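Reader: I am new to this structure and should like to understand the reasoning behind the terms applied to it. May I put some questions to you?

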Amino acid sequence: MAVTRTIAPSHLSPLTPMKVIVLGAGIVGISTAWYLLEEGHEVTVVDRQPDAALETSFANGAQISVSFCEPWASKDAPLKVLKWLMRDDSPLLFRPRLDPHQWIWGLKFLTHCSDAAFARNVQQLVALGAYSHESLKQLVAQTGIAYDRLERGILHFFSTEKDYQSGAAAAELMRAHGVDRRVLDRDEVLKVEPALAAFGPHIHGGTFTPSDESGDARVFTQQLARLARERGVQFLYEHDVLGLDTAGGAISGVRVGCQRTGQRRTLKADQYVAAMGSFTAPLLRPLGVNLDIYPAKGYSATLRLKRPEAASVVSLLDDTRKIAISRLGDHIRIAGTAEMAGYDLSLDSATARVRCEALVKRYEELFPGVADTTEPNYWTGLRPSTPNNVPYIGRAARLPNLWLNAGHGTLGWTHGAGSGRALAELMSGKRPQLAFGFCGPELPQRPTQVALAT
Ligand SMILES: Cc1cc2nc3c(=O)[nH]c(=O)nc-3n(C[C@H](O)[C@H](O)[C@H](O)COP(=O)(O)OP(=O)(O)OC[C@H]3O[C@@H](n4cnc5c(N)ncnc54)[C@H](O)[C@@H]3O)c2cc1C
C-alpha cells in the first residue's frame, strides 16, 4: 500500500474529542500526546520501556538543528557512500544484508540523489524545523521545563580546505531557503567558540547559525511525559505492542502484552497513532502499510567535564568527522556516525568499539584534558531514517483511524515538538501552518504539492 503525501488541507472541520492511543513514548510520541491533550482529546500512551525516551531519544546529539537540516541524499552522496563502504570508522557505513527492506530503502535513497529532489526535501525540512522550533519555544515558555538548554547557536567547523569550501557552498544554498547560515573564517570561528583555541591551527573555517540551540532530549521528553500524566494522559509502560487488528477497513484495536504480568489484551480507541521510531515499519507491514523507514545506528559518548570552564558552550559539529558535540550542564555529549546494518543495538561488537572510541579520541584531540575520558558513558540508538530524511506525518492510506508520526531520522529531537503539534492539529481537523507533505490519500491535492514518495 503506497503512502501519498499532500499539502495540509485548509478546510478540514474540527472534530469532537476522541479517544486516542499513541504507540511509542519517544520525543515524537510524547509530543503528539501532549498536543492531542491540548486539543481536548483523551490520550493513552503505550511503550515497552519503563519510562519515556529510553530508546532513540535517550542520548542523542542534543542539537535543535533547524538550519543544518540537509538530507543525506544529495548528488554527491552515492560516491561518498561507495568510498566509505565497509570502512569501520566512516561517518556513514552501509553494511549490505540479505534484507529486501534495506535494498529497497537504498534504491529509494538513490532516487533522491539529485539537485531537484534535494531542493524539494530541504524545503520541507526547513518548514518543519521552523514550525517545530516555534512550537518548542512556546512549550518551554508554557511548561517551564528545564533540560540543559543552551541558546547559543550551532557552529560547524572544518579541518580541511575542501570541506570548508563545500560547507560554504552549502551555506549559500541554505540561505536561498531562508536559513541564516553564516560563513566564518578561522578567527571568527574562535570568536564564536573560544574553547576551540587548542585545535585552532587545524581549523580552515566554519559555518554558524545563531538561532539554533541544544538541550537534553531525554530530560525534556521525560518531563513533558510527567506533565502530561499530571494532566490526565494515561501511560501503559512496560507494555509491548504486539500488533494492530482491523475490522471493516479500520483499526479495531491494538494488541499489547504486559511485561510484568504476562497478560495480553486488546486496547480500543477511536484513533491510533504509530510513533515507534524505527519499529513503526515492521509493526505496520502486516497491515499492508509499507513505510520506507530503516534504522541507522548511531553512537554517543557522554563524558564528565574535568574543566567545565574550558569546555565549549556553543553546540558544535566537527564537519569533517560528522560528530556533534553538545554541552549538557557539567557533561559533554559527543555523537555521530551512521551504520545501516539492521536493528542491531549492540555496543560490544568490534565495529561499535571502534566507533565509540573514535568519538572520545576525537574529543580529546579537540579539547585536550577538558573531560574525563576514563569513564565514557557509551550509548547507541537507531535513527528511524527515510530515504529523503522527510518523516511520515499524517494518515495511513486506507485505514482512516491510523495516523503516522515516524521516520524522523537524524532530526527527531529538532522536529519532535512540531511533528507532534502538526499531527494533533490534523487529527483535530485543523490545518497546520506549514508547507509540508503530510501523508493522507483523502487530503485534497493541491498544485503546490511537494516532495512525494520517499
Ligand atoms: C547518535 C544519534 C544522534 C542524534 N542526534 C540528534 C540531534 O542532535 N538532533 C536531533 O534532532 N536528532 C538527533 N538524533 C535523532 C533523534 O534522536 C531521533 O530522530 C528521535 O529520537 C526519534 O524519536 P522517536 O520518538 O521517533 O523514536 P524513539 O525515541 O525511538 O521512540 C520510539 C518509542 O517506541 C517504543 N517502541 C518501539 N517498538 C515498540 C513496541 N513493539 N512496543 C512498545 N513500544 C515500542 C520504544 O520503546 C520508544 O520509546 C540522533 C540520533 C542518534 C542515534
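Author: The questions and answers below concern a predicted model.

Reader: Why is Ser-214 called buried?

Author: The relative accessibility of Ser-214 is 1%, and buried means under 20%. Ser-214 therefore counts as buried. This residue lies in strand S9, residues 213-214.

Reader: Which residues are in contact with Ser-214, leaving aside its neighbours within four places in sequence?

Author: They are Ala-62, Gln-63, Ile-64, Asp-148, Arg-149, Leu-150, Ser-315 and Ser-326. Contact here requires heavy atoms within 4.5 Å. Ser-315 belongs to strand S16, and Ser-326 to strand S17.

Reader: How far apart are Ser-214 and Cys-69 in sequence and in space?

Author: In sequence they are 145 residues apart, and in space 14 Å, taken from C-alpha to C-alpha.

Reader: What makes S17 largely enclosed by the rest of the structure?

Author: Of the 6 residues of S17, 6 are buried, so the strand is largely enclosed. On one side the buried residues are Ile-323, Ile-325 and Arg-327, and on the other they are Ala-324, Ser-326 and Leu-328. Both faces of S17 are thus covered.

Reader: How do you know that both faces of S16 are covered?

Author: Strand S16, residues 315-318, has Ser-315 and Leu-317 on one side and Leu-316 and Asp-318 on the other. These residues are all buried, and both faces count as covered.

Reader: What makes S16 and S17 a pair of strands, and in which sense do they run?

Author: Two strands pair if at least two bridges are found between them. S16 and S17, the latter spanning residues 323-328, have 3 bridges and pair in the antiparallel sense. Asp-318 has Ile-323 of S17 as its bridge partner, and Leu-317 has Ala-324. The two strands form a hairpin with 4 residues between them. In that turn, Lys-322 has a positive phi of about 60 degrees.

Reader: Which strand pairs with S16 in the parallel sense?

Author: Strand S6, residues 154-158, does so over 4 bridges. One of the bridges joins Leu-155 to its partner in S16, Leu-316.

Reader: How many bridges are there between S17 and S18?

Author: There are 6 bridges, and the sense is antiparallel. The required number is at least two, and S17 and S18 (residues 331-340) count as paired. Ile-323 has Gly-336 as its bridge partner in S18. S17 and S18 also form a hairpin, with 2 residues between the strands, in which Gly-329 takes a positive phi near 65 degrees.

Reader: How do you know that Ala-53 is buried?

Author: Its relative accessible area is 2%, whereas buried means under 20%. Ala-53 is therefore buried. It lies in the loop between strand S3 (42-46) and strand S4 (63-64). Its phi is near 55 degrees, a positive value in a residue other than glycine.

Reader: Is Arg-398 buried or exposed, and why?

Author: Arg-398 has a relative accessibility of 64%, and exposed means over 50%. Arg-398 therefore counts as exposed. This residue is in the loop between strand S20 (392-395) and strand S21 (402-406). It has a positive phi of about 65 degrees although it is not a glycine.

Reader: Which residues come nearest to the ligand?

Author: Of the 35 residues around the ligand, Asp-47, Ser-57, Val-241, Gly-409 and Thr-414 come nearest. By class, the shell has 13 nonpolar, 17 polar and 5 charged residues. S19 (377-385) is among the elements that each supply at least two residues of the shell. The largest share, 4 residues, comes from S19.

Reader: What makes the approach of Thr-414 to the ligand a polar contact?

Author: A polar backbone atom of Thr-414 is 2.7 Å from an oxygen atom of the ligand, and the cut-off for a pair of N or O atoms is 3.5 Å. The distance for a backbone N or O atom of Gly-409 is 2.8 Å, and for a polar backbone atom of Ala-62 it is 3.3 Å. Taken alone, the ligand exposes 1000 Å², and the protein buries 96% of that.

Terms used: Residues numbered from 1 in each chain as written. Predicted model: local features only at pLDDT ≥ 70, side-chain atom pairs only at ≥ 80, totals over all residues. Heavy atoms only, no water. Buried < 20%, exposed > 50% of the residue type's maximum accessible area, 1.4 Å probe, protein only. Near = heavy atom within 4 Å. Polar contact = N/O pair within 3.5 Å; in protein donor to acceptor, adjacent residues only side chain to side chain. Areas by Shrake-Rupley, 256 points an atom, 1.4 Å probe, with all protein chains shown as cover. Nonpolar A, V, L, I, M, F, W, Y, C, P; charged D, E, K, R; others polar.
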